[in-house]
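Reader: I have a model open on my screen and would like to know how its labels are earned. Could you take me through them?

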Amino acid sequence: MTQHRAAKITIAHINDTHSHFEPSAIQFNLPMPTEQGESLPVYASCGGFSRVSSAVQDVKKQAYLHGREFMFVHAGDCFQGTLYFSLYKGIANAKLLNAIGVEAMALGNHELDMGNQTVADFLDHTNFPLLAANWDLTQEDQSKANPLQPKPNVLSYKPATDESPAYGRYLVKSVDGEKIAVFGLAIENMEGIANPDPDTHFLNVLKVAKETVSVIRANGINKIVVLSHLGYARDLLLAEELDGVGAIIGGHTHTMQGDFSNLGYGVTDDYAHMISGTCVVQAGCNAMSLGQLELDFNADGSVERAGGVHQLLLGRQFTFDASRTEHLDEGQHQAVKAYLQAQPNVRFCVKDPEIENLLNSDYRPAVRQLQTQHITKVAEPLRHTRIPDAKGPSQIAPLVVDAFRWQGIQQGYDVDFAIHNAGGVRASLNPGPLTSADIAGRLLPFAIGLMVYKVKGKYLRQALEGAINNAIDNGVEGTGSGSFPYVSNLRFTYRCCADKGARVESLETFKEGEWRLIEDDVVYTSVSSGYTATGKEGYDALLNYEMEPVALNVTMAEAFEAYAYTLSELRAPDSIRVNYIPCQCADVA
């Protein structure tokens, strides 16, 4: 019988970094009386991989000085988000995550936005394993250019055999000879929100977790940590459902766990929140903060103590504006610094010179070039909202969809219309020059390609209604407002209170100089992102295609940049294409 001992470990953790290798500007509202009120709004430089690296090195040193083992993990979604991903895909992430010392990472949904191969290429360059216990790779086509299944650094699902029950592979961390097992869990509805290859599947989270815990314990290990990319609420529920796990270190929902009211923000539980004997933690997003979980296991595998701190990682200069040009006077600056230095959820960090050198030598030059490359001019404010509100629909999303249709036509397709989900557009635009960096870094940061496909009118109608139903939870359990459709060369009315299946009215496309009703059995040609074209988040009717989606081998940002370059300026559309009548329509129709 295995003789277990107590074990103490500090686990530094980040999540949802989304290629934010550079610092972000963050605004604080500090409790300092001024002539304008009772708080002082100031901006600081926050996070970035160079500061994360410095903080991790210090936390590691302190752990060892106090007789604790140390581990540094990432809870998923390192892909997408900035120009660094647009230019370098997963390779820059692999090199920089290696450099800052990550020891294990959970699989996030955005890792699979572009299919399995981008993940496989990423793993070819990492020094750490990817944990995805509920990802079944056993049916993967091994004739692919770069299959995942043979890779030793993807710890995925292992089905039952005559010799072994089913479980998810896990890594083992030794703490003075006492073993701690760590396994990862990914969103089981991955097919609904990302683009995993159809020959790999995601299994039920709870079932696989229970199987894995059982096998780990049968193998003589009673101290277990889960690295999760399920979201904070799901992690809390999992803690109640799953016995025998000491901690769930999570991501996906960008939850700033802890009390940040001292900086003008909110409160989300205590850091290291205990529920049913399991500690649940999460550490914000965009590499702005670092979770530092201090986990003390009893000999029997239960948690004696879960503590630590979740800290924002700051530089030492503060301004009144995000562009860092409006400076505080010396007295204010010193008062701000003194206040922040006294806060337990703030850590001042110098930048790690090794990470800075890596960025400067390999990645920054190309990014800086795009940041100065002007494409066109934004003539007026272009507002983005997902679902139309009292001020109207998005003004920039229709222009993005126009670019998709234009791109399809440029490549020789007779495109009738284009469709895009609102969540794929990420920013409003202010008047002034528009650069490549604005497009690929802020407006369309998801490096997802365009696809052309053919579909009958009746399935187009169903897809548009399904996407809006999904966005507003109208008779379905939706996945979020991001599915709301914006269109090019289409117009229609969505009446929320109509019967399901009859909510899309007056669906028309502009052809040969006039608006014509879409006919149910006529086949039309459309362009969408690979995300929408493959039926995600309510668009599943598009899977009844007459021609399977064909890749244009152009990303959304590339198409919009090329289209915008042909225009002298960008202005809001002069007509509304989606007439959205919300669920109070009985009163206003």
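Author: Gladly! Strand 28 (residues 490-495) and strand 29 (residues 504-511) pair in the antiparallel sense over four bridges. This is a predicted model, where local features need pLDDT of at least 70 and side-chain atom pairs 80 or more, while totals for chains, interfaces and linings use all residues. Residues are numbered from 1 along each chain as its sequence is written, and side-chain values use heavy atoms, without hydrogens and water.

Reader: What makes strand 28 and strand 29 a pair?

Author: Two strands pair if DSSP finds at least two bridges between them; here there are four, so the pair qualifies. Strands themselves are DSSP runs (E, at least two residues), as helices are (H or I, at least four), numbered from the N terminus. Within this sheet, Arg491 stands opposite Glu508 in strand 29.

Reader: Why do strand 30 and strand 33 count as edges?

Author: The open sheet has four strands in the order 30-29-28-33, with mixed pairing. Strand 30 (514-517) and strand 33 (578-581) each have a single partner strand, so one side of each lacks a neighbour in the sheet.

Reader: Why are helix 2 and helix 8 called roughly antiparallel?

Author: Their axes, lines fitted to C-alpha atoms over the stretch in contact (heavy atoms within 4.5 Å), give angles from 0 to 180 degrees between N-to-C directions. Helix 2 (residues 83-100) and helix 8 (residues 353-371) cross at roughly 170°. Angles over 145 degrees count as roughly antiparallel, so the name fits helix 2 and helix 8.

How values were computed: Parallel < 35°, antiparallel > 145°, perpendicular 65-115°, else oblique.
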